[in-house]
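Thanks for sharing this one with me. Here are my notes, written to be read with the model open beside you.

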Amino acid sequence: MLLRGPRLAGSREAGGASANSFADVPSVNGNFRQAVRALDLDSGQGKEDVLMLLATQFATSAHFMCKMSVDRARFCAGSIADARLREELAVAGIDVGDLKGTLAELMADSDAVSVLRRVHEQLLKLRGCLAWEAAVAMAAIETADRTIQKPRASAEGNSSVLMLLRDHVTDGKDVPGVNSALVKDWRTKLWSLFDPRRPALVEKLKGILEDKKEKRRLPKIPKGTRDFAGLQMAIRECAFSIITGVFKMHGGVALDIPVFELRETLMSKYGEDSKLIYDLADQGGELCSLRYDLTVPFARYLAMNNHITTMRRYQIAKVYRREKPSKGRYREFYQCDFDIAGVYEPMQADFEICGVPPKKFRTVCSSIDKLDKLTFEEVKKELVEEKGVSDETAEKIGNLVKTRGPPLQVLMELRKEGSKFIENDGSVVALNELEILFKALEKANAIDVISFDLSLARGLDYYTGVIYEAVFRGTTQVGSIAAGGRYDNLVGDIVAGKQVPAVGVSLGMERVFAIMEEQEKEKNQETRTTETEVLLSILGKDLTLAAELASELWRAEIKAEIKLSTRVQNHIRYATQSGIPWMVLVGQSEMRDGKVKLKDISARQEEEVPRKDFAQVLKQRLTNP
């Protein structure tokens, strides 16, 4: 196994009769371990028969391990180039026929004490087989032609085991030549090393295997999640700052809520998407789930606080969905929500003009919501075959969802004489409300970027009126980056009798980040990942001095970092790579003269200033560059 085992264990690559001696290692060794565990029981009165049965099973497993070890030793001997040594080692070792005879005698024995004695003898033979196998494997490695690639262990842990065994039999010395007598001497030494009464080997092997396991076990994050650092975090912080500024400009008030909610709060709010909710394990108390979005938890907050009748709220936080991870689709991602809760003028469209029964309104919307990913024929098939919508109704929906264009122009088309929209009272109210909205957008000079699209649908159950999406039109294709709508009854669904109408929008930040990251790449310029203004460069290792000077910079509200190094170029290189505009250089001469040296990186200019005034001088330079 030291020679070829890591590559051949569990496979038939060796070929011929030797293949099984490698391929069956996992199963045979596993059976041996099970036999050891089974035998590890109390051998008190009345258990002799059970003990004999387990002992014979244990001996059988040991027999097969012996046989495989002999086969592997012969395989290793066959790889030796020296014909004489190869033949001598191939016929040496333990005779397989002798192994069979020993096992047969044990199986025929009916005396418990005799059986246990024979099992002990079988284990001694196993120990001898393993010692011989290891000795022959090391001989094959030592005699390998130095001009060709030497057979070696293919895993770091096995290489460490090989070095451990080799150092033991050679006392750490080089081996000038190998003969059969030397190999037999190695076997004797290894026989002694493999004595279970010597715990040193076991402890060393445990250390090697545990170290190998730790090195091999590379940590990873769950599917559908990501780590962010450096440039990505700089872009995120910039985006959050801009978005937060916009929310505050419109009177938004920040709100933070728990990352998980009672399961009963979230269920039945998301239609077919409820299956994407992450349920937490029952800890013997309340049943909880991770939040799917920020809207339902906000409605729960409004329902709990009776004194709140109006609120302009914003929240930037992570949400969780059991989506199938794909490009641009994650299981953990940020949402940025802005909602206005309070009294409103009703705006609600109705699909009854198409003949869709009210009870199927939500499920039909869920299908239509897939039109950005599927063709209408695929959506129609789902409506008819899976959701029980008639073929005639599905065709009417198809004709309806093709309607899109400039808002006021489409509105005019829907109000034409003969239109089914003007035959439905709910639709007339909705069209009148939309006219108010569109004219307000026109006055705000925002109508040109708005499209009135009747194919737009939301699969969530809580929307009750107008819905909308924002799509980025640029070189980076990410689909919609924001969506929202009116949800008048959601608070009432959580607490009966309380109605707080609301409307809101949510930004899908992962897609916004993707756009911003792409734009940064197109700029072809470095983006700073820190806001450090000054690098305090101490030309030495005096941390006390660095702490004293840095505290003065921080008290002056200057963003500063400390770097200790005797080489000036190390400081300049770090400041340049980090985009830090100013440096404060302090060496022995500056300390002696009571001064510090200020360096403007971009202008490549230096000046000396009194040490007592350096913080204020830097503050002025940064304020008035």
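The points below go from overall confidence to the sheets, and then to a few single residues.

1. Please keep in mind that this is a predicted model. The mean pLDDT of the protein chain is 79, with 82% of its residues at 70 or more. Among the secondary-structure elements, confidence peaks in strand β13 (residues 582–586), at a mean of 93, and is lowest in helix α1 (residues 5–8), at 41.

2. Two stretches call for some caution. Residues 1–17 have a pLDDT below 50, yet this stretch has 43 contacts in the model beyond near neighbours in sequence. Residues 146–155 also fall below 50, and here the model shows 12 such contacts. Where pLDDT is low, the predicted coordinates should not be read in detail, so I would not lean on the individual contacts there.

3. Now the overall make-up. The protein chain contains 24 helices and 15 strands. Of its 625 residues, 42% are buried. The chain exposes about 35400 Å², and carbon and sulfur atoms supply 52% of that area. Among contacts with a separation of 6 or more, 65% link residues 24 or more positions apart.

4. One open sheet has 6 strands, in the order β1-β4-β5-β10-β9-β8, with mixed pairing. Its edges are β1 (253–254) and β8 (467–471); each has a single partner strand, so one side of each is left without a neighbour in the sheet. Within this sheet, β4 (residues 311–320) and β5 (residues 332–341) run antiparallel and are joined by 10 bridges. If you want a place to start looking, tyrosine 314 has phenylalanine 338 in β5 as its bridge partner.

5. Which helix lies across β5, β9 and β10? That is α20 (residues 509–523), which runs at about 115° to β5. The ranges of the other two strands are 480–486 for β9 and 502–508 for β10.

6. A second open sheet has 5 strands, ordered β12-β11-β13-β14-β15, again with mixed pairing. Here β12 and β15 (605–610) stand at the edges; each has a single partner strand, so one side of each lacks a neighbour in the sheet. From one strand to the next, the twist averages 25°. Strand β11 (residues 534–538) runs parallel to β13, with 5 bridges between them. One pair to inspect is serine 537 and its bridge partner in β13, leucine 585. Helix α24 (residues 614–623) packs on this sheet and touches β11, β13, β14 (595–600) and β15; its direction makes about 160° with that of β13.

7. Two backbone angles deserve a look. Most residues other than glycine have a negative phi. Asparagine 445, however, has a positive phi of about 60°. Asparagine 445 sits in the loop between α18 (425–443) and β7 (452–453), and is exposed at 71% relative accessibility. Glutamate 557 likewise has a positive phi of about 60°. Its loop connects α21 (543–555) with β12 (560–564), and glutamate 557 is exposed, with a relative accessible area of 63%.

8. Last, the cysteines. How many disulfides does the structure hold? The count is 0. Cysteine 76 is buried, with a relative accessible area of 1%, and cysteine 288 also counts as buried, at 13%.

Definitions and conventions:
Residues are numbered from 1 along each chain as its sequence is written. This is a predicted model: local features need pLDDT of at least 70, side-chain atom pairs count only at pLDDT 80 or more; totals for chains, interfaces and linings use all residues. Side-chain values use heavy atoms; hydrogens and water are left out. Helices (H or I, at least four residues) and strands (E, at least two) are DSSP runs, numbered from the N terminus. Buried means under 20% relative accessible area, exposed over 50%, partly exposed in between (1.4 Å probe, protein chains only). Contact means heavy atoms within 4.5 Å. Accessible areas come from the Shrake-Rupley method with a 1.4 Å probe; for residues, only the protein chains shown count as cover. pLDDT is the predictor's confidence in each residue, from 0 to 100. Two strands pair if DSSP finds at least two bridges between them. Axes are lines fitted to C-alpha atoms, for helices over the stretch in contact, and angles run from 0 to 180 degrees between N-to-C directions. A disulfide is a pair of cysteine sulfur atoms within 2.5 Å.
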